[in-house]
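User: I'm new to this one and would like a quick tour of its chains and rings. Could you walk me through it?

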There are 4 protein chains.
Amino acid sequence: MRVSKPQGSPERNASLLTLYQSVRDATARLGAPLSDADATVQSMPDASPAKWHLAHTTWFFETMVLEQNLPGYRVFDRAFNFLFNSYYESIGARQPRPRRGMLTRPSLETVHAYRDHVDRAMASLMQDDLPPAVADLIELGCNHEQQHQELMLTDILHLFAQNPLRPAYKDPGPIAVAKTDSSPPRYRRFDGGVVEVGHDGQGFAFDCEGPRHRALVEPYELADRLVTNAEWMAFMADGGYRTPLLWLSAGWATAQSEGWTAPLYWEERDGAYWSMTLRGAQPVDPAAPVCHVSYFEADAFATWAGRRLPSEFEWEHAAEGEPSHGNFVDSGRLRPAPAQAGQPGLRQIYGDVWEWTRSAFAPYPRFHAEEGAVGEYNGKFMCGQFVLRGGSCATPANHMRATYRNFFPPDARWQFSGLRLAGDA
Amino acid sequence: MRVSKPQGSPERNASLLTLYQSVRDATARLGAPLSDADATVQSMPDASPAKWHLAHTTWFFETMVLEQNLPGYRVFDRAFNFLFNSYYESIGARQPRPRRGMLTRPSLETVHAYRDHVDRAMASLMQDDLPPAVADLIELGCNHEQQHQELMLTDILHLFAQNPLRPAYKDPGPIAVAKTDSSPPRYRRFDGGVVEVGHDGQGFAFDCEGPRHRALVEPYELADRLVTNAEWMAFMADGGYRTPLLWLSAGWATAQSEGWTAPLYWEERDGAYWSMTLRGAQPVDPAAPVCHVSYFEADAFATWAGRRLPSEFEWEHAAEGEPSHGNFVDSGRLRPAPAQAGQPGLRQIYGDVWEWTRSAFAPYPRFHAEEGAVGEYNGKFMCGQFVLRGGSCATPANHMRATYRNFFPPDARWQFSGLRLAGDA
Amino acid sequence: MRVSKPQGSPERNASLLTLYQSVRDATARLGAPLSDADATVQSMPDASPAKWHLAHTTWFFETMVLEQNLPGYRVFDRAFNFLFNSYYESIGARQPRPRRGMLTRPSLETVHAYRDHVDRAMASLMQDDLPPAVADLIELGCNHEQQHQELMLTDILHLFAQNPLRPAYKDPGPIAVAKTDSSPPRYRRFDGGVVEVGHDGQGFAFDCEGPRHRALVEPYELADRLVTNAEWMAFMADGGYRTPLLWLSAGWATAQSEGWTAPLYWEERDGAYWSMTLRGAQPVDPAAPVCHVSYFEADAFATWAGRRLPSEFEWEHAAEGEPSHGNFVDSGRLRPAPAQAGQPGLRQIYGDVWEWTRSAFAPYPRFHAEEGAVGEYNGKFMCGQFVLRGGSCATPANHMRATYRNFFPPDARWQFSGLRLAGDA
Amino acid sequence: MRVSKPQGSPERNASLLTLYQSVRDATARLGAPLSDADATVQSMPDASPAKWHLAHTTWFFETMVLEQNLPGYRVFDRAFNFLFNSYYESIGARQPRPRRGMLTRPSLETVHAYRDHVDRAMASLMQDDLPPAVADLIELGCNHEQQHQELMLTDILHLFAQNPLRPAYKDPGPIAVAKTDSSPPRYRRFDGGVVEVGHDGQGFAFDCEGPRHRALVEPYELADRLVTNAEWMAFMADGGYRTPLLWLSAGWATAQSEGWTAPLYWEERDGAYWSMTLRGAQPVDPAAPVCHVSYFEADAFATWAGRRLPSEFEWEHAAEGEPSHGNFVDSGRLRPAPAQAGQPGLRQIYGDVWEWTRSAFAPYPRFHAEEGAVGEYNGKFMCGQFVLRGGSCATPANHMRATYRNFFPPDARWQFSGLRLAGDA
């Protein structure tokens, strides 16, 4: 990974501790509305139980940081290394991913005790000056945990959507809600050229965001807002889900075999569309960005609209300079971002929905996975996935930036994923 | 079903109430060691969450008895009819069986409140004289719940066996333990002839146990005790799991595709066999009856031993007259049955492990499923399953009798199932 | 197996040779209309290519008879033992059943040369006096080949039904056509009692037909003719395929997942039903017996009709004494059996469609599989299958008898299978 | 698609006719060694029967060219449109791809008659001046058929590899053999920069090869020859197939579930490796390029070797200027290309094995699928596949060029696919 400048200074230690504590607190708050059962069940192989997220992020600090760097550290429970390793082949055998939901024990209470145990040890470790490599690992662990914060929400939503009772994760109160914007979309033109993309090493970034490098971008244009539910309903009304020529071949096959006729979580009730949300089932808001669509659907929509999805470099080039802030604030309360009224530039860049790009997730020039376990972080997933840019209403605010590369397979729908249209200029 | 004589008498009402309350109490005690998470997760499509068992047995009384017979009864929650119907097509749509584990809500606490709500209503209903048909349904509901008591234990054991921590359901204390018996097996001879089998209508029985009828049984012999773990290990050591000629064709195919090399839940640790049990992982006791074997395995073992499995009528004819009592006593505490010291007859008939017979589960002559929902109780499963007789250490004591017909598919292993050898005389 | 009296006499030799040659000739005639491609493709795992049938039946004689009993016999091709062994574990490894259709080589021509090679050797062997055990094996081989004659036709029909061109195996000319009978069904009453069933050892029988033994049969009645297409259409019109309460649970699940709405091979064209047959697509004849229905469907139909399927012993007891003759004559030309005009007894017993019984395929009392390869003939399939009795229009005439036990799984539809109704008397 | 300059001139007509006839003849010659059965069976869903290739390429001309452009053209058989449409949604329903092997009819002979029928009509059509759009379609059809020529060989090889007899498609005689080269690999350095890639419209190209456009390529180096079997065996000996850290996550999962331990078609016999080829099983030649490896394996090998796969633009930039000629000559006889002795540049660029690149198959800037059926040619497959460059020993010689983009999913192994290593300079 590329991380913030190694300094080993007391200032960095202090800000790391603040970051650590705020991230850990935010995770705990996200888990608060969940019962032991809610936190244990796995609704599909791609999703993980909330309890597993809570424990796995903790295991990361224990295994990557504490065991090697805090003398006398006592491992909380040796068995947890098997239970809560995600996919690190270099660290050993682990509970198979599709069987994570079998772990009714340890209980949610024990997992919280595990978190406390590790938090105390981390606080102790961070009292002293840290070698830069250790500080880097802690910063990585915090950003890793922020990724899991969003996954916790997406996975809980998927779980609750399987329940005919359609329970609310948290209600009332605005949570994970994208901004509405029903103004006609306008297209902004960009000249492109040989531009620089990728992270420059100032501040934290994941390894796959670098090295910063040159890319050739032809002139293009980009919509100033996201595609809305109203526009999606027009696509549906025009037979979008029944017209194979709009679709990629694999997309059409998936849509047919899965019976897709609308975004995930939508259901028709008495002629109106409702969608399952973290506040339970809600009427679909025409002015809100469409969400929970796959790459396949996004691509078909763009074809139908006579447009295309942007490449990840087009997106990044356009987004540089846009203010980065999301809905998911540090104070711990979840609230929507303030409306970006009167802004002349691109709207809904951060904090609404992740935006599918047409770019396959691939290594940047001269990218090399690091040695050891952290080298497994991103590189080995560079196959069969597409890049999403921006950040959703469930993404922590300080976790979004122009160079961030999220990625999912083209049939994934349970993330907060939508789209913005592009075209050749 | 065939049930106890319809009398409508106050005596019957009183004894029904006693039965109802003791059964409901026993179920609650069985659920007591479980956390909300334990009670919610479904470990495989054939198993159900404990919470589902707790609610479904309650739903049976609410739907079959209270709604039609208690004026003014208020349904606890309309949605529960969808959630907790098992397979009654005549009662309506329901949560698909493989998705029962998605129901993190209602919580275990709410399910207990549901049970209390129905118990109060049932007590109120049973204050008055009951028409015989209603009394019959209540008696059926109690026996139905006793079936689910055993299933709760088998399903919890399966769930906990998926957990690398191998948690104990209840420990210490003897629970669901079969009697040991390492004496050399002796064979008792029976003359057979045209004998009467099936339930005679005195006391409760399930519909599939009748009508009582004549059956022709040729002379046969039956081992006086169950096959032991020591004998099973001899079968394994002799290549039993690697010799296709011992197996039914479908059994061999299953054993190969599933990788069977020992009974379910066995694992080798440093050269010794351990087995997952309700008390956690325990060393395999050579003198105990082998348990958690499928029909396929039981049949292969019998072929290897130069014997065969008994037919269900051979078993029933031999078992008539044997005292019926199990490990699972009414007082609510679980304890093993007293040793049947000095008994000259068949041993381990009741309360150790269910015994596979060679008989396919089929209707008796002149059997007719009843009209309505209760007609779906057993008849529609009379295909592709084999009969087991006796009763296991997890079966309620007053739920075992010579005519009882349990049934499972030939590849099922997660029940407390073993075998007793037979032969032609 | 139980076979005709061992005599070792010249007379037996002569009649065996006649049988052998007539059976082999009949097989060759059945293969004559097929191209190399027709004879090679496998349409589903349960079906086999015609070429495989032609070779496997030949392999049986080569492996079971010639290799051990004809001094100096030269094996045609060593590789064929792997290619054309069906399921004999004791004889060694073999081409996996679902991959039989990969064998484009050897060609059909080579397989015919294989047949000729073995036929010459068999003729040579049969010139001399044969030990009874060898004669028994040859007789078994002839009957085995007759079983495959019918399977060749069922498998070719299934293959051709997958082809949108709906090609005819043979047309014009009556082939494999059941007798029509639209008279109102009448029920014949039988007293039952302790009756003798099973083969008595006079003449050939397969091992599973014996030992002859006593069985207790309660009074019953049996329809004098088969269920017709017209009656089946009434079942369909009455919602038979949409009413779960008529079905076994496993049957309903199968019908739903497979989308059954009519017998196999039926399709609707302009409001009328057509069925794929060996003569290509033909209009469904209302007076003909319904065919290509599974046990699940047959059972649901019987429930709908307020009747039940007969047990195999009820069927056998009733059929004893009925004349046995089918459509499939020795002379080599295929023609329907003569109408049984004026017969007062049961009609359509032999040579129309196989009749599902309610009996699971299970061993008779004191049945023991023989030692060696022939012991694998039937015994290992005694699980998960139901017995069919009688014989179809595709069954060789001299291959049908009252004790014959055909068997298939309850979801099998591609055989010539129908039903006759029964009831309690 | 981008095609050769539209001219409508007599010269173009004449050369088109020559091309058409030579391509059609070559296809017929490729089919000559196959029996009706060989040409009918489908060995897996991704492969097609040879008969289907023969008919589908013909259907292309009939449907895309003749029906609309030859007045009075009589369609050979209306049913063939259903049978032999591959994936053109705009043209209508079709035989499902995994069921192409069910078509034992029409026979191979009829398919040849179909070819003759269309060839005569095409000759008639090409007598007259053709509108450029029609000439373009014919040229596309010829190139389309050449693609299927290679697929016929790969699919036949896969089919024959399923046969335990390991039959030879054609033997003796050199067919589809890559050049050997065991010299130590040397790396050539390229400066890159903003280069032009993609087809320039001179001569035929498929639509996905254009538009020609600029691309930014950083300095890189490329091995002057392909990876050999000897090198692959070193990878295997070093535990390449047992070391997860070398693999992409999806690659490792595939390798485990499929049990990969060597390239497809390799088997060990007495300690030596043999490989199934079009000449039957042959010893693996250490000096020959490794073949029948997936992208997953190629990528793991490159990681093991401390290198990487080239991008498609790196490959194209380096290959421009290399002479293009393959093994597969127009004269109709198959022979290996002449050894490129003494060549100072890159070797084995064309006509040995297809070379996996690290580039996901994606549209070039400003690519737009055409209107109508031909628009379905490539665009809808731009998801989940990787680009291969060069051409194999089974590729027609005049079908290879520097801009050609072949593509397959990352787990595909049955093509003639290998790799060349690259690195950053």
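Chains and rings

User: How far apart are the closest C-alpha atoms of chain B and chain D?
Analyst: This is a predicted model, where local features need pLDDT of at least 70, side-chain atom pairs count only at pLDDT 80 or more, and totals for chains, interfaces and linings use all residues. Residues are numbered from 1 along each chain as its sequence is written, chains are lettered from A and ligands numbered from 1 in the order written, and side-chain values use heavy atoms, leaving out hydrogens and water. No contact (heavy atoms within 4.5 Å) joins chain B and chain D, and their closest C-alpha atoms lie at a distance of 14 Å.

User: How many aromatic pairs are there over all chains?
Analyst: Rings of Phe, Tyr and Trp (its six-membered ring) pair if their centres lie within 6.5 Å; planes under 30 degrees apart are stacked, over 60 edge-to-face, the rest tilted. Over all chains, the count is 117.

User: What kind of pair do W315(A) and Y350(A) make?
Analyst: Their ring centres are 6.2 Å apart. The planes sit at 85°, so the pair is edge-to-face.

User: Is W315(A) buried or exposed?
Analyst: Buried means under 20% relative accessible area, exposed over 50%, and partly exposed in between (1.4 Å probe, protein chains only). W315(A) has 0% relative accessibility, so W315(A) counts as buried.

User: Which ring does R307(B) lie over?
Analyst: A charge sits over a ring if NZ of Lys or CZ of Arg is within 6 Å of the ring centre and within 35 degrees of the ring normal. At 3.6 Å from the ring centre, R307(B) lies over the face of Y187(B).
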